[in-house]
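Me: I should like to work through a protein structure step by step. Please reason from the structure in each reply and finish on what I asked for.

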Amino acid sequence: MATKWGICSAGKISHDFTVALKTLLPEDHQVVAVAARKLEDAQEFAKRHNIPQAYGSYEELARDPDIDVVYIGVIHPYHLSTSLLFTNAKKNVLCEKPLAMNTKEVREILESAKKNDVFLMEAVWSRFFPASVEIRRLLAQGEVGEVKMVRADFCVPVVNVRRSVDKTLGGGATLDLGIYCLQFMCMVFNGEKPECIQAMGTCYETGADETTVVTLKFSNNRMAVLTFSSALKLTNEAIVVGTKGVIRIPEHMWCPTALEVNGKVTEYPLPEPYLPLNFPNSTGMRYEAEEVRQCLLKGLKESTTMSHADSLLLAELEDEVRRQVGVVYSQDSQ
């Protein structure tokens with residue numbers, strides 16, 4: 001039986017996610033409803049993607065009895081209220097990253113999911129790409145020896161995108177881009193907490209962070225250096241250096257389609273989209289969607305690949321980086 005999806009928000013990322021779902025078997029995944037704050041937006045989205053039901057409010061989507069899981073694609077500051085709306089309605093949830101604006105909000109969402117006995121996952125899609133699965137296999141089998149250094153950067157000039165620089169919209173390089181570097185590091189170090197974090201950065205006049213460099217030290221003298229910026233263009237690569245070799249993810253480290261292991265490159269091509277995409281490699285969201293389906297079929301309330309503990313650690317790291325750089329959101333004082 002197909003997993004029946006509801007799409008919350010008719011924005012760009014929801015469009016790409018819906019396109020990605022269509023690359024999977026229709027007997028496994030079906031989009032049955034979409035909701036937006038304006039009914040006409042939902043109707044337009046539904047028409048474009050051939051979705052049978054359109055709602056002009058998120059509350060109506062929460063009441064729809066036919067939905068197995070809701071994908072939340074609203075902007076960051078609304079992740080808390082929207083996630084709580086659906087978890088309290090006993091709906092399973094896949095919420096876009098970052099799961100919330102800070103650790104306090106993340107805890108609230110996780111507690112609600114647990115209380116209501118529903119599945120919840122932060123949509124850190126990077127973890128589910130075949131290249132990421134291969135990285136975890138290589139590390140688990142010690143193919144590159146003991147990891148000594150992780151480097152990652154995600155730097156793309158998006159200053160003209162208001163959502164990226166406006167603090168009231170959740171703007172800032174850490175939550176928007178840095179989360180990908182942080183999650184990659186956490187994946188490589190298997191969810192271990194760093195012993196020391198040093199972050200330096202520059203901010204826009206809005207108070208949102210523009211460019212940030214983070215150095216982290218882990219047990220046994222293992223290090224990580226991460227760079228993220230919404231103003232600059234860098235290599236956008238990630239590298240894992242071990243005592244026996246090197247793993248390199250070429251550009252688009254957050255949505256990898258190639259992997260270089262000790263000089264040997266392997267390609268992991270993605271299926272073609274049936275509609276134009278807003279973001280690179282978005283059909284790769286198919287992998288996180290399939291993870292959700294498999295978890296639901298097994299009756300799980302969280303994914304072992306992107307667990308609640310993983311989301312909590314990520315939020316704690318984001319909070320500490322922001323604290324050192326001096327980025328404060330209104331949600332931090334609530």
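Me: Which residues of α9 are buried?

Reply: The model shown here is a predicted one. Helix α9 covers residues 286–297, and a residue counts as buried when its relative accessible area is under 20%. The residues of α9 that meet this condition are R286, Y287, E288, A289, E291, V292, R293 and C295.

Me: How many Å does helix α9 reach from its first C-alpha to its last?

Reply: Helix α9 has 12 residues, and at 1.5 Å a residue the expected reach is 16 Å. The value in the model is close to this expectation, at 17 Å.

Me: Which residue just after α9 takes a positive phi?

Reply: Helix α9 ends at residue 297. Just after α9 there is a residue with a phi of about 75°, and this residue is G299.

Me: Is T23 buried or exposed?

Reply: T23 lies in the loop between α1 (12–21) and β2 (29–35). The cut-off for a buried residue is a relative accessible area under 20%. Because its relative accessibility is 19%, T23 counts as buried.

Me: Which backbone oxygen does the side chain of T23 reach?

Reply: Apart from residues up to four places away in sequence, T23 touches P271, E272, T283 and R286; of these, R286 is also listed among the buried residues of α9. The side chain of T23 also reaches a backbone oxygen, at 2.6 Å, and that oxygen belongs to A20.

Me: What is the relative accessible area of G56?

Reply: G56 is found in the loop between β3 (53–55) and α3 (58–63). Leaving aside neighbours within four places in sequence, G56 is in contact with A36, R37, K38 and L39. Partly exposed residues fall between the limits of 20% and 50%. G56 is therefore partly exposed, with a relative accessible area of 24%.

Me: Which element gives the largest share of the lining of the largest pocket?

Reply: The largest pocket has a volume of about 1,200 Å³. Of its 44 lining residues, the closest to the centre are K12, I13, I75, R163 and F279. The elements that give two or more residues to this lining are α1, α4 (79–88), α7 (162–165) and α8 (173–188). The largest share, four residues, comes from α4.

Me: Which residues does the UniProt domain annotation cover?

Reply: The unreviewed UniProt entry carries the annotation "domain: Gfo/Idh/MocA-like oxidoreductase N-terminal". In the model, the annotated span is 42% helix and 22% strand, and its end C-alpha atoms lie 16 Å apart. According to the entry, the annotation covers residues 4–121.

Conventions
Residues are numbered from 1 along each chain as its sequence is written. This is a predicted model: local features need pLDDT of at least 70, side-chain atom pairs count only at pLDDT 80 or more; totals for chains, interfaces and linings use all residues. Side-chain values use heavy atoms; hydrogens and water are left out. UniProt positions are given in the numbering used here, feature names are shortened, and annotations may be inferred rather than shown by experiment. Buried means under 20% relative accessible area, exposed over 50%, partly exposed in between (1.4 Å probe, protein chains only). Contact means heavy atoms within 4.5 Å. The expected span of a helix is 1.5 Å times one less than its number of residues. A polar contact is a pair of N or O atoms within 3.5 Å; within protein, one must be able to donate a hydrogen and the other to accept it, and residues adjacent in sequence count only if both atoms are side-chain atoms. On a 1 Å grid over the protein atoms alone, a cavity is a set of points where a 1.4 Å probe fits but cannot get out, and a pocket is an open set with protein on both sides within 12 Å along at least five of seven lines; lining residues have an atom within 4 Å of a point. Grid points are joined across faces, edges and corners, and a volume is the space filled by probe spheres set on the points.
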